[in-house]
Amino acid sequence: MALKLNVPSIVCQGCADSITEAIKTIDPDASIEVDVPGKTVTLDSQAAEESFKQAITAIGHKVQE
């Protein structure tokens, strides 16, 4: 399942790295692309969308609907 999330709190590569790590805790095999200037996270995984949103918000970022 391809999923694109808007995460307006992404400001640097460090943010991208921490988001990637959080997603990998849910699905280690997920394909993840974080666009820092575009403030988006695109991922491909079989896990539920809500679990990724929760993981991203748990590390201090906000997912915008």
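1. Let's start with one serine. The side chain of Ser45 reaches the backbone nitrogen of Ala47 at 3.0 Å. The same side chain also has a partner in Asp27: a polar contact of 2.5 Å joins the side chains of these two residues. Bear in mind while you look at this that the model is predicted.

2. Where does Ser45 sit? Its place is in the loop between S3 and H2. Is Ser45 buried or exposed? Ser45 counts as buried because its relative accessibility is 3%, and the cut-off for buried is under 20%. Leaving aside residues up to four places away in sequence, Ser45 touches Met1, Asp27, Ala30 and Phe52.

3. How far does the predictor trust its own model? The mean pLDDT of the protein chain is 96, and 100% of the residues reach 70 or more. Going element by element, confidence is lowest in S1, with a mean of 95, and highest in H1, at 98.

4. Now for the sheet. Three strands make it up, it is open, and the order to trace on screen is S1-S3-S2, with antiparallel pairing. S1 and strand S2 (31–35) are the edge strands, each pairing on one side only. From one strand to the next, the twist averages 15°.

5. Zooming in on the pairings: S1 and S3 are antiparallel partners over five bridges, and Leu3 is the residue standing opposite Leu43 in S3. On the other side, S2 is joined to S3 by five bridges, again antiparallel. If you want a landmark there, take Glu33, whose bridge partner in S3 is Thr42.

6. The turn of the S2 and S3 hairpin deserves a look too. There are four residues between the strands, and Lys39 takes a positive phi near 55°. Most residues other than glycine have a negative phi. Lys39 is not a glycine, yet its phi is positive. You'll find Lys39 in the loop between S2 and S3. With a relative accessibility of 30%, Lys39 counts as partly exposed, because that value falls between the 20% and 50% cut-offs.

7. Two helices go with the sheet. H1 lies across S2 and S3, and runs at about 155° to S2. H2, in turn, lies across S1 and S3, at about 35° to S1. So that you can follow both on screen: S3 is listed under each of the two helices.

8. What fills the largest nonpolar core? This core has 16 residues, and the ones with the most contacts inside it are Leu5, Val7, Ile10, Ile23 and Val41. Strand S1 (2–6), helix H1 (13–26), strand S3 (40–44) and helix H2 (49–58) each supply at least two residues of this core. Which element gives the largest share? That is H1, with four residues.

9. A last stop is Val7, one of the core residues with the most contacts. Not counting residues up to four places away in sequence, Val7 touches Ile19, Lys39, Val41, Ile56, His61, Lys62 and Val63. Two names on that list have come up already: Val41 is another of the core residues with the most contacts, and Lys39 is the residue with the positive phi.

Methods. Residues numbered from 1 in each chain as written. Predicted model: local features only at pLDDT ≥ 70, side-chain atom pairs only at ≥ 80, totals over all residues. Heavy atoms only, no water. Core = buried A, V, L, I, M, F, W, Y, C linked by side-chain atoms within 4.5 Å. Buried < 20%, exposed > 50% of the residue type's maximum accessible area, 1.4 Å probe, protein only. Contact = heavy atoms within 4.5 Å. Pairing = 2+ DSSP bridges. Axes fitted to C-alpha atoms, helices over the stretch in contact; angles between N-to-C directions. Polar contact = N/O pair within 3.5 Å; in protein donor to acceptor, adjacent residues only side chain to side chain. pLDDT = per-residue confidence, 0-100.
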